[in-house]
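Got your viewer open and a free hand on the mouse? Let's take a walk through this structure, one selection at a time.

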Amino acid sequence: CLALPSNNVMASELAEGKVVFGGTYKLESGESLDGDLVIFGAPSTLMEDSVVEGDVVLFGANLDVSGEINGDVVSIGGLITLNDTAKIDGDVITIGANMDKSDGALITGDVLDVTHSLPNMVHVFKITPDIFPEVNIIWFVLRIFLWAALATLIVLFVPNACGRVAQAFTQQPLIAGGLGLLTIILAIPLTIIFIITIIFSPLGLFLLLVLGISWAFGLISIGLEIGKRLVSMIKRDWADPVSAFLGTFILIFVLGYFNQLIPCIGWMFSAVVGMIGLGAVIMTRFGTQSYTVTSAPPLTKTPAPVTQPPVNAPVPMLEEPEHKGEPPSPKEDQNAG
């Protein structure tokens with residue numbers, strides 16, 4: 001539910017944490033937040049003796065920490081200030097953000113700054129002429145961040161739906177890809193016909209919007225699955241929104257890499273992945289139902305029926321053999337005498 005607290009913060013109380021949009025946010029001393037904390041552009045403060053029982057994800061926000069965070073901290077833009085009493089029981093991942101750490105602050109996990117490796121990663125991407133290389137890098141990084149941020153937000157609100165879509169394409173990728181291809185073949189011509197028709201043009205635009213949302217939802221679900229598997233490989237226990245951010249970031253980067261590396265057919269990799277995700281969305285009815293694989297029962301040979309004689313059937317009598325050459329009876333011996 002949405003609420004407007006007294007400090008002019010629009011916050012969304014979730015079952016697993018809090019989402020803050022704009023304004024300011026403060027977790028007072030002695031208070032505890034049972035779940036994840038996601039902040040969009042809101043200067044936030046975690047007072048001393050306050051506890052966040054989950055991960056903290058920041059989008060262009062400044063966070064002043066004097067309390068304890070029992071989870072990971074991911075900051076996209078902004079500034080993280082860790083005071084002497086701050087304690088983070090997890091990793092700190094910064095992407096285009098800065099961190100000011102006091103000597104007394106404690107971080108039990110790793111500190112990773114993704115920004116330093118980006119210039120070496122994006123030199124192969126060209127979307128404008130070479131006279132504007134900075135625009136190429138900025139646009140590429142911004143596009144990936146937008147996808148990753150959208151994935152974090154979607155998984156934060158509907159994690160179960162994304163999980164069902166991910167389960168569908170991992171179980172039946174061929175069926176999902178075929179269904180996605182069939183949907184594209186049928187939907188695009190139908191949408192074009194609706195758009196060029198004046199009466200049905202709103203319906204055509206609506207179909208195009210639904211198709212685009214389904215395509216994006218499928219890609220985000222694939223990114224969530226990739227993030228989960230990567231987190232499992234490094235033996236970490238990150239929340240699903242953080243895993244979705246990481247997996248979607250890598251997925252969009254790889255698809256863009258193939259698209260630029262092989263200009264003629266590189267787009268096919270993005271098309272195949274997108275159709276698999278689209279088919280999985282349709283198979284699960286936008287993640288509202290789980291897709292289960294039904295296996296056929298094994299074939300077994302039935303034995304031939306055995307016929308038994310009736311219980312009360314008469315038993316045939318056996319004829320006694322004739323006795324040839326038997327000795328005469330005593331009466332016949334007397335008559336003979």
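What follows is a short tour, from the whole chain down to single residues.

**Before you click**

You're looking at a predicted model, where local features need pLDDT of at least 70 and side-chain atom pairs count only at pLDDT 80 or more, while totals for chains, interfaces and linings use all residues. Residues are numbered from 1 along each chain as its sequence is written, and side-chain values use heavy atoms, with hydrogens and water left out.

**Stop 1: the whole protein**

Switch to cartoon view and you'll find eight helices and 16 strands; these are DSSP runs (H or I, at least four residues, for helices; E, at least two, for strands), numbered from the N terminus. Now try a surface: the protein exposes about 20,100 Å², with carbon and sulfur atoms supplying 64% of that (accessible areas by the Shrake-Rupley method with a 1.4 Å probe, counting only the protein chains shown as cover for residues). Of its 337 residues, 38% count as buried, meaning under 20% relative accessible area; exposed is over 50%, and partly exposed lies in between (1.4 Å probe, protein chains only).

**Stop 2: the largest nonpolar core**

Select Leu37, Leu46, Val52, Val56, Ile69 and Leu82. These have the most contacts inside the largest nonpolar core, which has 23 residues. Such a core is a set of buried Ala, Val, Leu, Ile, Met, Phe, Trp, Tyr and Cys residues joined through side-chain atoms within 4.5 Å. Colour β4 (25-27), β6 (36-40), β9 (56-65) and β11 (73-82) as well, since these are the elements that give two or more residues to this core. β9 gives the most, with five residues.

Stay on leucine 82 for a moment. Setting aside residues up to four places away in sequence, Leu82 touches Val65, Ile88, Met99, Asp100, Lys101, Ser102, Ala105 and Ile107; a contact here means heavy atoms within 4.5 Å.

**Stop 3: an open sheet**

Next, pick out β5, β8, β10, β12 and β15. In that order, these five strands form an open sheet with parallel pairing; two strands pair if DSSP finds at least two bridges between them. Which strands stand at the edges? They are β5 (32-33) and β15 (106-107), each with a single partner strand, so one side of each has no neighbour in the sheet. Zoom in on β12 (residues 87-88), which is joined to β15 by two bridges. Lysine 87 is there, opposite leucine 106 in β15.

**Stop 4: the aromatic cluster**

The structure holds three aromatic pairs. Rings of Phe, Tyr and Trp (its six-membered ring) pair if their centres lie within 6.5 Å; planes under 30 degrees apart count as stacked, over 60 as edge-to-face and the rest as tilted.

Show phenylalanine 145 and phenylalanine 249 as sticks. Their ring centres are 6.0 Å apart and their planes sit at 35 degrees, so this pair is tilted. Phe145 lies in helix α2 (residues 133-157) and Phe249 in helix α6 (residues 240-261), so the pair ties together parts 104 residues apart in sequence.

Add phenylalanine 245: with Phe249 it makes a stacked pair, 6.3 Å centre to centre and 25 degrees between the planes. Those two are four residues apart in helix α6, about one helical turn. Phe145, Phe245 and Phe249 form one aromatic cluster. Buried or exposed, what are Phe145 and Phe249? Both are buried, and Phe245 is buried too.

**Last stop: isoleucine 226**

Finally, select isoleucine 226 in helix α5 (residues 201-233). At 28% relative accessibility, Ile226 counts as partly exposed. Beyond its neighbours within four places in sequence, Ile226 is in contact with Gly247 and Leu251. Draw a distance from its C-alpha atom to that of alanine 244, 18 residues along the chain, and you should get 7.8 Å.
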